[in-house]
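Dear colleague,

Please find below the structure that I am handing over to you. My findings follow directly after it.

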Amino acid sequence: MKDKLVLITGATSGIGESCARKFAAMGSRLILNGRNVEKLKQLQHELEAYDVPVWLLPFDVRDRDVVKQALDSLPEAWRHIDILINNAGLVLGMDKEHEGDLDEWDVVIDTNVKGLLSMTRLVVPGMVARGCGHIINIGSIAGDVAYAGGSVYCATKAAVKALSDGLRIDLVDTPLRVTNIKPGMVETNFSVVRFRGDQRKADAVYAGIQPLTGDDIADVVYYAASAPAHVQIAEVLVVPTCQATGTVCHRR
Ligand code: NDP
Ligand code: 8X3
């Protein structure tokens, strides 16, 4: 992975931030996206310890025009992206499908599905032209089976699976690889965002279990990225040992 150019969306927290540290530690060059410029600068400062070049590309993945402008603004030396990690994502609330807020669901769908699709559409043609590249999407166990209060989020992660599978088909005659990583419960800022800043509710999600960490997922992402060129890790479901399915989890 030394000198590979890796673009990570949503690198200001959780899994994305862990991926930034992991790939930096392995000598990759990084393009880090996020919305919070201060957090991006702080991460860039911390990554100086690894002595790898880091380019900050702040934007909201939902704003297609801004995404395009940002990618177009990259200097020539930063345009040949080897690995795209489509990680930015979120859920808001646990409402029933017939009761939730349509505007909040727009945010979730626009981020998790349309944002990922914009990134793919804008970055992958260059990979095809260069004959190399790897797209790693962060899906979820939630995309396999719906759960109570997760309807729209589950639908977006099912969409990530379909988009990953479809892209793998579309690229089958190229050397490019497509991976969908589907984590179970990972303790990040995810549940804090879901419960709109209510830390108590977020903590309750992980009460009595040892959840995965962002670093655990970054290890899996790195494994997929560093596999030999003829090995395509198509999909990985990774859960904590205490979790069996999206809804079956053993608590102490
Ligand atoms: P975090 O909330 O810790 O991190 C989410 C990251 O995405 C943040 O950097 C956030 O930035 C960024 N982001 C959100 N919306 C946008 C946007 N519109 N444009 C750019 N960046 C954005 O959660 P996780 O690290 O857990 O989540 C990362 C991915 O992992 C998501 O796709 C999530 O669905 C998935 N996932 C998480 C699981 C979990 O249990 N935690 C399990 C399975 C999958 P900002 O601070 O600006 O909001
Ligand atoms: C996040 C995992 O089970 O909270 O994708 O939906 S879950």
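The notes below concern one helix, a ligand site and the aromatic pairs. Please bear in mind that this is a predicted model.

Helix α8 comprises the 13 residues 214-226; at 1.5 Å a residue it should span 18 Å, and its end C-alpha atoms are indeed 18 Å apart. Its buried residues are Gly214, Ile217, Ala218, Val220, Val221, Tyr222, Ala224 and Ala225. These buried residues pack against helix α1 (14-25) and against the strands β4 (83-86), β5 (134-138), β6 (177-183) and β7 (235-238).

The whole structure contains three aromatic pairs. One of them joins Phe23 and Tyr222 edge-to-face, with 5.3 Å centre to centre and 65° between the planes. Because Phe23 belongs to α1 and Tyr222 to α8, this pair ties together parts that are 199 residues apart in sequence. Both Phe23 and Tyr222 are buried.

Another pair is formed by Tyr153 and Phe190: the ring centres are 5.4 Å apart and the planes lie at 55°, so the pair is tilted. Tyr153 is in helix α5 (residues 151-170) and Phe190 in helix α6 (residues 190-194), so parts 37 residues apart in sequence are tied together. Tyr153 counts as buried at 8% relative accessibility, whereas Phe190, at 25%, counts as partly exposed.

Tyr153 and Phe190 also help to surround ligand 2, together with Ser140, Ala142, Tyr147 and Gly184. Oxygen atoms of ligand 2 lie 2.5 Å from a side-chain N or O atom of Ser140, 2.6 Å from a polar side-chain atom of Tyr147 and 2.5 Å from one of Tyr153. The protein covers 84% of the 240 Å² of accessible area that ligand 2 has on its own.

With kind regards

Technical notes. Residues numbered from 1 in each chain as written. Chains lettered and ligands numbered in written order. Predicted model: local features only at pLDDT ≥ 70, side-chain atom pairs only at ≥ 80, totals over all residues. Heavy atoms only, no water. Helix = DSSP H or I, 4+ residues; strand = E, 2+ residues; numbered from the N terminus. Expected span 1.5 Å × (residues − 1). Buried < 20%, exposed > 50% of the residue type's maximum accessible area, 1.4 Å probe, protein only. Contact = heavy atoms within 4.5 Å. Near = heavy atom within 4 Å. Polar contact = N/O pair within 3.5 Å; in protein donor to acceptor, adjacent residues only side chain to side chain. Areas by Shrake-Rupley, 256 points an atom, 1.4 Å probe, with all protein chains shown as cover. Phe/Tyr/Trp six-rings, centres within 6.5 Å; stacked < 30°, edge-to-face > 60°.
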